[in-house]
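User: Hi, I'm new to this one. Can you walk me through it?

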Amino acid sequence: MQTAINLWPLLGVLVIVVGFVLRFNPMLVVAIAAVLTGVAASMPLDTILATIGSGFIKTRTLPLIILLPLAVIGLLERHGLRVHAQQFISRFRNATAGRLLIAYLFVRETTAALGLTSLGGHPQMVRPLLAPMAEGAAVSRHGKLPAGVRQRLLAFCAATDNIGLFFGEDIFVAFGAIALMHTFLMGAGIDVEPLSIAFWGIPTAVCVFFIHSFRLYRLDRYLAQHTPEPAIAEAVAK
Amino acid sequence: MIISIQYLYWLAGVVLAITTVMTLADRNHPKRWTAGLFWGLFAIAFLVGERLPPVAVGIGVLVMAALAGMGGVGIGSHRELATEARAASAKRLGSKLFIPALAIPLITVFVAVVLKPLKIGDLFLLDPANSTFVALGIASLVSLALACWLTRDTPVQAMRESRRLTEALGWALVLPQMLAMLGLMFNDAGVGKAVAHLATAYINLDYRLVAVIVYVLGMALFTVVMGNGFAAFPVMTGGIGVPVLVGVFHANPAVMAAIGMFSGYCGTLLTPMAANYNIVPAALLELPDKYAVIKAQVPTALAMLVVNIVLLYVLM
């Protein structure tokens, strides 16, 4: 059973890890890793270039999702969308950044589980709406946020969108991942209903909601502790 | 099909070509020529990429990587609306500003769900393999018209805004595609086989709990390296899941597959390789720390890996 397996292509993985840890430009790191992996697998130079080229053309759908909404979002930002989103949320006295994000996590995860994965997303939802609203809620409670605190809050907005999407979409039967698992298991001679794969994802999906919500609940406490003068901000809010 | 994904590539190509022209025409741009070349090459990949020889595209990709690596992709000058004008505009439009923003996801869902099965004659209206992307393209165009009408601004201004955001993203916009390309390269070079070989050859899988832990953590680690749970699944499930968990310990394959894939997703939350989810959002939110989103996700991902080990051990 011991066939000769070429371990040299793992050099590409090493380049990626070292490159990312040392914070070189990721584009450059990836390009070097791709070339080196090809060399290690003893591909000739023109095969390496052709593999890079055709791989790049095959995956052109990836930047579309980000690129296409930019014109609309940019135009609305020019006319004050983000400012308005911040003011809009501060009208709700009970809104905190943590509560807003918990509500968003719930909606994002359940709609994704129903197959509506395009209802969120970073360019069309997080940047123009969710992030300014979370920031607005935090500012109206705690006053101006220090740069580090603001960065952590905004990072949590993006993280919440990711987590809701990932763990929601995978319990939707018609999602590609379910089809992939089903096809692979069929190939291995195991016949499983796609519905049953989706069903057994539910315990994990429920757990992630509670775990991440707990962290968002604590985010409010973090915001209160790490803003300069919470007492003043509270007085202003009253 | 009537509306194919090819039209979207052309649309993206035209948008990027306009960005290129605006960058080259910007006399105050600190990186005028290198940034212009970078966006120009990217535009060409969208406009005529499938008709060029793959070797030529490969060379273009390496040139783009070199331009990004030497810091050649900078941000140009941009004239914002004066603060008072913006405040007046926000006041006049109020919550109406939300309409075009919310229209993008809502129209996307509507088109993808309602118009997807629609046929005119024998032809599908939307490209069936890429219906969500096509739906997003249509939604973006409709919302753009809506936004122009609402703000009484011009499509030219919209292109300037698009260029501003594209330049703010910089090379981060291209990185997801580079990583997907690397994933294909890893595949061709047999990286997956090498990793599965290392994992199975040096760990004793005779204990049920050890096998569960190796499968769950293997899915996560492999996803961290490849940036994609889909790439990890066949390798880890073929290497450990089917022969050991199902074959030896009689696990329910549905439980194994579902929890295995979720363990891969925990890996996705941890890795800069999943640039579309982790690096691009940090760039979009203009965070100084490119790893800030990953840092916010680490505790949730690690907790979920423990949960997955427990769930798989108990439920299988």
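Analyst: Below we take the chains, their interface, two helix pairs and a few loop residues in turn. One thing up front: this is a predicted model.

User: Let's start with chain A. How many helices and strands are there in chain A?
Analyst: Chain A has 13 helices and zero strands. Read along the sequence, the pattern is α-α-α-α-α-α-α-α-α-α-α-α-α.

User: Is chain A a compact globule or more spread out?
Analyst: More spread out. The radius of gyration of chain A is 23 Å, and the globule rule gives 18 Å for 238 residues, so chain A is more spread out than a compact globule. Along the principal axes, its C-alpha atoms fill a box of roughly 75 × 45 × 35 Å.

User: What share of chain A is buried?
Analyst: Of its 238 residues, 56% are buried.

User: And what share of its contacts comes from residues 24 or more positions apart?
Analyst: Take the contacts in chain A with a separation of 6 or more. Residues 24 or more positions apart account for 78% of them.

User: OK, chain B now. How many helices and strands?
Analyst: Chain B has 14 helices and two strands. Its C-alpha atoms fill a box of roughly 70 × 45 × 45 Å, again along the principal axes.

User: What about burial and contacts there?
Analyst: Chain B has 316 residues, and 53% of them count as buried. Among its contacts with a separation of 6 or more, 72% are between residues 24 or more positions apart.

User: How many residues of each chain are in contact with the other?
Analyst: On the chain A side, 99 residues are in contact with 119 residues of chain B.

User: Which helix gives the largest share of the chain A side?
Analyst: Helix 9 of chain A, residues 147–169. That helix supplies eleven residues to the side that touches chain B.

User: How does that side split by class?
Analyst: It has 67 nonpolar, 25 polar and seven charged residues.

User: Can you zoom in on a helix pair across the two chains?
Analyst: Sure. Helix 2 of chain A (residues 26–40) meets helix 8 of chain B (residues 175–189). Their axes come within 10 Å and cross at roughly 15°.

User: Why is that pair called roughly parallel?
Analyst: Angles under 35 degrees count as roughly parallel. The crossing is at roughly 15°, which makes helix 2 of chain A roughly parallel to helix 8 of chain B. The crossing is left-handed.

User: Which residues make that contact?
Analyst: From helix 2 of chain A, they include A:P26, A:M27, A:V30 and A:T37. From helix 8 of chain B, they include B:L175, B:M178, B:L182 and B:F186. By class, the contact has 15 nonpolar, two polar and no charged residues.

User: Now a pair inside chain A?
Analyst: Try helix 6 (residues 81–90) and helix 8 (residues 122–142) of chain A. Their axes come within 7 Å and cross at roughly 50°. The two helices are therefore oblique to each other. Their crossing is right-handed.

User: Which residues meet there?
Analyst: Helix 6 of chain A brings A:L81, A:R82, A:A85, A:Q86, A:Q87, A:I89 and A:S90. Among those on helix 8 of chain A are A:P128, A:L129, A:E135 and A:A137. This contact has eight nonpolar, five polar and two charged residues.

User: You mentioned A:A137. How far is A:N94 from A:A137?
Analyst: They are 43 residues apart in sequence and 9.1 Å apart in space, C-alpha to C-alpha. A:N94 lies in the loop between helix 6 and helix 7 (97–113) of chain A.

User: Is A:N94 buried or exposed?
Analyst: Exposed. A residue with 12 or fewer other C-beta atoms within 10 Å counts as exposed, and A:N94 has 6 C-beta neighbours inside 10 Å.

User: Switching topic: what is phi at A:S42?
Analyst: Phi of A:S42 is near 45°, a positive value in a residue other than glycine. A:S42 sits in the loop between helix 2 and helix 3 (45–58) of chain A. A:S42 is exposed, with 11 other C-beta atoms within 10 Å.

User: And what is phi at B:H250?
Analyst: Phi of B:H250 is near 55°, a positive value in a residue other than glycine. B:H250 is in the loop between helix 11 (229–246) and helix 12 (253–270) of chain B. B:H250 counts as exposed, with 9 C-beta neighbours inside 10 Å.

Terms used: Residues numbered from 1 in each chain as written. Chains lettered and ligands numbered in written order. Predicted model: local features only at pLDDT ≥ 70, side-chain atom pairs only at ≥ 80, totals over all residues. Axes fitted to C-alpha atoms, helices over the stretch in contact; angles between N-to-C directions. Helix = DSSP H or I, 4+ residues; strand = E, 2+ residues; numbered from the N terminus. Parallel < 35°, antiparallel > 145°, perpendicular 65-115°, else oblique. Left-handed = near helix turned anticlockwise from the far one by under 90°. Contact = placed C-beta atoms within 7 Å. Nonpolar A, V, L, I, M, F, W, Y, C, P; charged D, E, K, R; others polar. Rg over C-alpha atoms; globule rule 2.2 N^0.38 Å. Buried ≥ 20, exposed ≤ 12 C-beta atoms within 10 Å, placed from the backbone.
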